[in-house]
Amino acid sequence: MNNKKLTDAWEIKQIFARNLKRIRKGNCVSIARLSKDLQVHLNTPYAWESGKFLPRAEIIVNLAEYFEVPINAFFIKKWEAGDETD
């Protein structure tokens with residue numbers, strides 16, 4: 001794997017992490033509640049939001065359904081002004 005692919009993978013994880021956190025906080029959902037509702041270990045959403053790893057595709061679909069957002073909302077590189085909830 002070349003450095004470009006490693007950088008792209010890292011960037012995708014960071015974009016997903018930032019957007020998941022933004023969406024979760026915007027919906028006033030705690031990490032504990034999210035992990036319980038999705039039936040994943042408490043540390044799992046922390047790992048997603050830290051950019052440690054991406055969830056499996058089926059979990060991304062579940063997240064989109066849970067928050068009632070399109071799947072691509074987790075992969076938007078730059079949000080419009082006023083959409084920031086950090």
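A residue is counted as exposed when its relative accessible area is over 50% and as buried when that area is under 20%, with partly exposed residues in between. In this predicted model, Arg56 is therefore classed as exposed, its relative accessible area being 54%. The side chain of Arg56 meets that of Glu58 in a salt bridge with an N to O distance of 3.2 Å, and Glu58, at 48% relative accessibility, counts as partly exposed.

Side chains of opposite charge can pair when their charged atoms come close. The count of salt bridges in the model comes to four, and among them is the contact between Lys77 and Glu11, for which the closest N and O atoms are 2.8 Å apart. This pair links distant parts of the chain, since Lys77 belongs to the segment after helix 4 whereas Glu11 belongs to helix 1 (residues 3-26), at a separation of 66 residues. Lys77 is exposed, with a relative accessible area of 56%, while Glu11 is partly exposed at 27%. A further salt bridge joins Arg24 to Glu49, with the closest N and O atoms 2.5 Å apart; here too distant parts of the chain are linked, Arg24 being located in helix 1 and Glu49 in helix 3 (residues 43-49), 25 residues apart. Both Arg24 and Glu49 are buried.

Three aromatic pairs are found in a search of the whole structure. One of them, formed by Phe16 and Phe75, is tilted, with 5.6 Å from centre to centre and 45 degrees between the planes. Phe16 lies in helix 1 and Phe75 in the segment after helix 4, so the pair ties together parts that are 59 residues apart in sequence. The two rings fall into separate accessibility classes: Phe16 is buried at 0% relative accessibility, and Phe75 is partly exposed at 32%. The pair of Tyr66 and Phe67 is edge-to-face, with a centre to centre distance of 4.9 Å and 90 degrees between the planes; Tyr66 is partly exposed at 25% relative accessibility, whereas Phe67 is buried at 6%. Phe16, Phe74 and Phe75 together form one aromatic cluster.

Phe75 also contributes to a nonpolar patch on the surface, in which it is joined by Ile12, Leu54, Val61 and Ile71, the accessible area of these residues together being about 350 Å². Within this patch, Val61 is found in helix 4 (residues 57-67) and is partly exposed, with a relative accessible area of 32%.

How values were computed: Residues are numbered from 1 along each chain as its sequence is written. This is a predicted model: local features need pLDDT of at least 70, side-chain atom pairs count only at pLDDT 80 or more; totals for chains, interfaces and linings use all residues. Side-chain values use heavy atoms; hydrogens and water are left out. Patches are made of residues with over 30% relative accessible area and no salt bridge: like charges are joined within 9 Å, nonpolar side chains (Val, Leu, Ile, Met, Phe, Trp, Tyr) within 5 Å. Accessible areas come from the Shrake-Rupley method with a 1.4 Å probe; for residues, only the protein chains shown count as cover. Helices (H or I, at least four residues) and strands (E, at least two) are DSSP runs, numbered from the N terminus. Buried means under 20% relative accessible area, exposed over 50%, partly exposed in between (1.4 Å probe, protein chains only). Rings of Phe, Tyr and Trp (its six-membered ring) pair if their centres lie within 6.5 Å; planes under 30 degrees apart count as stacked, over 60 as edge-to-face and the rest as tilted.
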